[in-house]
Each structure stands twice: as C-alpha cells, then as structure tokens.
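Dear colleague,

Please find below the structure that I am handing over to you. My notes on what was found in it follow directly after.

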Amino acid sequence: MSSPELLLQVLRTQMRAAGVTYKVLAERISMSESSVKRMFGQQDMSLSRLAQICKAAGIPMEDVLRGAADATPQSDSLTLPQEKSMLANPHLLLMAICCLGHWTLEQVLETYDLTEPECILLLAELDRLGLIELKPLNRYRLRVSNAFRWLPDGPVQQFFRAHAVDDYFSGSFNGAGETLLCLPARLSQPSALELVGRIQQLAGELARLHQGDRRLAPTERDGFTLLVGFRSWEFAAFTALRRTAPSKSTA
C-alpha cells in the first residue's frame, strides 16, 4: 500500500469514528458530495486540502499522520550486526532507548550530559543502523514496530543481563504504579504456551498505552520498564538439596 493510499485510509477510518460522512464533509468544505468522493477515490490530495478536511472533520491532523506512520509495515527486531554496532558506543544505546521511548532531542539534552552535536551524530548513526528515519529539524520516525524486541540472547539482551538486571531489581517496587511478582507453578507444556501468549498480549497492551500517552505533556509521563521472564527453572541452592537417585545394584 502506497503512502498516500495509507494516509487516506487512516483519514477515512477516523472520519467514520467521528461520524463524519462524505455528505457531511462536503457541506462543511463547500463541495459537492460527488467531488469529495472523487477526491478520495483518486488518492491525490494536497497537504493544504488534508489540513482543511481534518479541521472540518474535527480530527487532529497529527493523529492522521501518526496513524499512517504507525500502520506502515515495520520490523519487530534488529539484526545481529545492527545490535553489535549499537553496543559499540554506550551513548548510542542510550539514544536508541530514548528514541524507542519517543523522546525529543530537546528532552534528551535537558536530561543527559550530551551536547546537541553529539546527539545529532547519534541520531544519524541510528538512522544508518535502521532503527529510525531521521527527518528535518532533527525529528525522527521509528523504523521498528510497537512490537519491537531485542534479539533473544542477543548482544543487547546479554548487555542488560550483565549490567542492568541487578540495578533493576535493587528497587523496592513499592512506588505508585509499581509491582513485583514471583509466582512458582507446575504447568503442562500447553498451559505454559498459553501463558506465553498472554504475556505477549500484555506486551501489546503496554505498547498501546505507550502510544496513546504520547499525546500527553512530558511532565504527565514517567519512565516505566516492564521486565517479564518465564521459564522452567529452579533456584540452584534448592536444586542442590534434591535427593539423589539411588544407584542400581549391579549384583
């Protein structure tokens, strides 16, 4: 699907949700209904016309543009060489995580001890690696989907395991909106697979909330990290206490 076609598809969807028909839109922009239908059917619309239609329909134009960008097919992960390059510079990994959180350049500069030229070079490198598409005025668009995951046991995941897990779990998890659960269970493989599916749904819900809250002011949001692990495991100290199987008699 081409970009104009995708853009108009998102616009039509949002118009339906707002209860704005072609007839209603035609009346609001002083055109005939047939002309409006033809305009949408030809999939050829200037930016000024798009802005006019969005205003008439009561739909924020940025919501249409963001919806089209979000609907564009994107990758769910990076390649092994891309992740290795990401770890070559700690500042690059920091900028990558900021981009995945939809931080602006201004927010990065306000928060971290980095200069604007340094940040621009980092953004350019992330563009080269395929994580973002760098745009004018140092804005960017993610080239990865909301379902993005670091490679299982890949370079970035190994880095976090070695350097971040202890720091993460050193918190008390008793703040507003925080929780920590460690729940043992004995399950069949089908039940375990079912739970993995539920965890993936939870990740999708987190992505949905993250996307929706982008409309809020930065002061109304805080950084949260969901860390979920589910595996067949027994604490090594408990395993050491297991009874050893009796040896079979050779007699």
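Nine aromatic pairs are present in this structure, which is a predicted model. One of them joins Tyr 22 and Phe 40, whose ring centres are 5.2 Å apart and whose planes meet at 45°, a tilted arrangement. Tyr 22 belongs to helix α2 (residues 22–28) and Phe 40 to helix α3 (residues 33–42), so this contact ties together parts that are 18 residues apart in sequence. Tyr 22 has a relative accessibility of 24% and therefore counts as partly exposed, whereas Phe 40, at 1%, counts as buried.

The rings of Phe 148 and Trp 150 also form a pair: their centres are 5.0 Å apart and their planes stand at 80°, which is why the pair is edge-to-face. Both Phe 148 and Trp 150 are buried. In addition, Tyr 168, Phe 169 and Phe 173 make up one aromatic cluster.

I turn now to the strands. Strand β1 (residues 132–135) runs antiparallel to β2, and four bridges join the two. Lys 135 has Arg 139 in β2 as its bridge partner. Together, β1 and β2 form a hairpin with three residues between them, and in the turn Leu 137 has a positive phi of about 60°.

Which side chains of strand β2 (residues 139–142) are buried, and which are not? Tyr 140 and Leu 142 point to one face and are buried, while Arg 139 and Arg 141 point to the other face and are not. This follows a general pattern, because side chains in a regular strand alternate between the two faces of the sheet.

With kind regards

Notes. Residues are numbered from 1 along each chain as its sequence is written. This is a predicted model: local features need pLDDT of at least 70, side-chain atom pairs count only at pLDDT 80 or more; totals for chains, interfaces and linings use all residues. Side-chain values use heavy atoms; hydrogens and water are left out. Buried means under 20% relative accessible area, exposed over 50%, partly exposed in between (1.4 Å probe, protein chains only). Two strands pair if DSSP finds at least two bridges between them. Rings of Phe, Tyr and Trp (its six-membered ring) pair if their centres lie within 6.5 Å; planes under 30 degrees apart count as stacked, over 60 as edge-to-face and the rest as tilted.
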